[in-house]
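Me: I would like to learn how to read a structure feature by feature, starting with empty space inside a protein. Could you take me through it with an example?

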Amino acid sequence: MHLTLHVTNRCNLACKYCFVELGPARMSKEVAFAAVDFATQYKATTGLLFYGGEPLLERQLIFDTVDYTKTIKDKTGHSFLYKMTTNGMLLDEEFLKFAQWINLTIGFSHDGPAQDDCRLTPDGKATFAHLEETIPLLLKYQPYAIGMSVLDPSVVHKSADIVKFLFDKGFRYITHNLNYGGDWTSEHLAILEQEYKKMADMYIKWTKAEIKFYLSPIDIKIVSHIKGDRYISDRRQMARNQLSVAPDGMLYSSSRFVGTPELAIGDVFTGIDAKRQKYLSKKGAELLDACKGCALVDRCNYSYDSLSWDGEGVFTNIPAIGCAHEQMLTPIADGVAEKLFKEQNALFIHKHYNDMYPVVSLVEDRSR
């Protein structure tokens, strides 16, 4: 079992696209420790992702929770993996040394040239300059840190430049997601399509240069083709194994649902409500009429995570931007894969068709 611990709803930024309902809610040690106890009932390894708000506002709780997991490991041999998503404003060498010691992987949220358009302090101050020294410090301690960006429609024209910025800074694992709650128009989508084509060209260029990297928009779509009908079932299984814990200890199947009690599936003190979990899982898997007959239904990222609550009941809902995005991106990613596969590019084939690639790649990098 892997848990996303929403350790606080407080944040030191006011990002224009944030889906978290910011406020004073904070996770207590009692809830954090109960979450660890709950997770250790399942299998031999537990993954903990510290999330917020901004988790570094609860630095001591992170330290205390990790210490608690150490006592469990010493007693039982149960293993733990650690991750954290941060905006980096409070990231310093002390914490990076701690992260290195416990092997905690950091996801660093940064929007590159769109940073000062979307990610400002609550009083409206820019943040790009503040983070310029943080990025090399982070990559010094964590060469495999994840560069995470979110694309708002207001900066869609900067999409490819955001990816290039993160790549040029040294990030080799890059996620690039849309603000699905934004006011997207057909004009925005037309621009985004051209930006994805630029990313496709970069993907091919970097692959041919034998640079190992991961770029989420394109790689996810390539994986969806290779896995076929296993893709959606694997994602649904992953959603069942990565639960979110709200500051009050309520359990949810997705971070997006946190704070909506009607979509909770239990709590860390009493465990999972199996009947409720089964109902919500089944409800979320219902295929909308508009999706029936779609050629991408087995590759669509909304076929496993489309629940909503309207104040009266639970229903499935795929946002229009999500559907348009999948139909736009998939053929672009397929074109990248077709070109590299046709050329029998060794790195591409090794990356996508060798299950041992992550292990082999890590060994190769550490032997240099």
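Reply: Let us begin with terms: on a 1 Å grid over the protein atoms alone, a cavity is a set of points where a 1.4 Å probe fits but cannot get out, whereas a pocket is an open set with protein on both sides within 12 Å along at least five of seven lines, and lining residues have an atom within 4 Å of a point. Grid points are joined across faces, edges and corners, and a volume is the space filled by probe spheres set on the points. This is a predicted model, in which local features need pLDDT of at least 70 and side-chain atom pairs count only at pLDDT 80 or more, while totals for chains, interfaces and linings use all residues. Residues are numbered from 1 along each chain as its sequence is written, and side-chain values use heavy atoms, with hydrogens and water left out.

Me: How many cavities of 30 Å³ or more does a search of the whole structure find, and which residues line the largest cavity?

Reply: Rolling a probe the size of a water molecule over the atoms shows where empty space is left. Here the search of the whole structure finds one cavity of 30 Å³ or more, and the volume of the largest cavity is about 40 Å³. Its lining is made of Y203, T207, I211, K212, F213, L347, F348, K351 and Y357. Helix 8 and helix 13 (346-353) each supply at least two of the lining residues, and helix 13 gives the most, with three. Helices (H or I, at least four residues) and strands (E, at least two) are DSSP runs, numbered from the N terminus.

Me: What volume does the second largest pocket have, and which element gives the most to its lining?

Reply: The second largest pocket has a volume of about 390 Å³. Its lining counts 21 residues, of which E21, F257, V258, G259 and T260 lie nearest the centre, and strand 12 gives the most to that lining, with three residues.

Me: Helix 8 contributes to the cavity lining; what is its span, and what span is expected?

Reply: The expected span of a helix is 1.5 Å times one less than its number of residues. Helix 8 (residues 186-208) has 23 residues and reaches 33 Å from its first C-alpha to its last, close to the 33 Å expected at 1.5 Å a residue. Its buried residues (under 20% relative accessible area, with exposed meaning over 50% and partly exposed in between, for a 1.4 Å probe and protein chains only) include Y203 and T207, two residues that also line the largest cavity. Just after helix 8, E210 takes a positive phi of about 60°.

Me: Where do the buried residues of a helix sit around its axis, for instance in helix 6 and helix 11?

Reply: One looks at the arc, which is that of the directions from the helix axis to the C-beta atoms. In helix 6 (residues 134-141), the buried residues are T134, I135, L138, L139 and Y141. They cover an arc of only 165° around the axis, which puts them on the same side of helix 6. These buried residues pack (contact means heavy atoms within 4.5 Å) against helix 3 (93-102), strand 4 (104-109), helix 5 (128-131) and helix 7 (159-169).

In helix 11 (residues 274-284), L280, K283 and G284 are buried. They cover an arc of only 95° around the axis, which puts them on the same side of helix 11. Strand 10 (264-267), strand 12 (307-309) and strand 13 (314-316) are among what covers them, while the face turned away from the buried side carries the exposed residues A274, K275, K278 and K282. K275 counts as exposed because its relative accessibility is 72%.

Me: How many disulfides does the structure hold, and why is C15 not bonded to C11?

Reply: A disulfide is a pair of cysteine sulfur atoms within 2.5 Å, and the structure holds zero. The sulfur of C15 is 6.0 Å from the closest cysteine sulfur, in C11, and is therefore too far for a bond. Likewise, the sulfur of C291 has its closest cysteine sulfur in C323, 6.3 Å away, which is too far for a bond. C15 is buried at 16% relative accessibility, and C291 is buried too, with a relative accessible area of 16%.

Me: Is T330 buried or exposed, and which residues is T330 in contact with?

Reply: T330 lies in helix 12 (residues 320-342) and counts as buried, at 2% relative accessibility. Leaving aside neighbours within four places in sequence, T330 is in contact with K221, L296 and R299.
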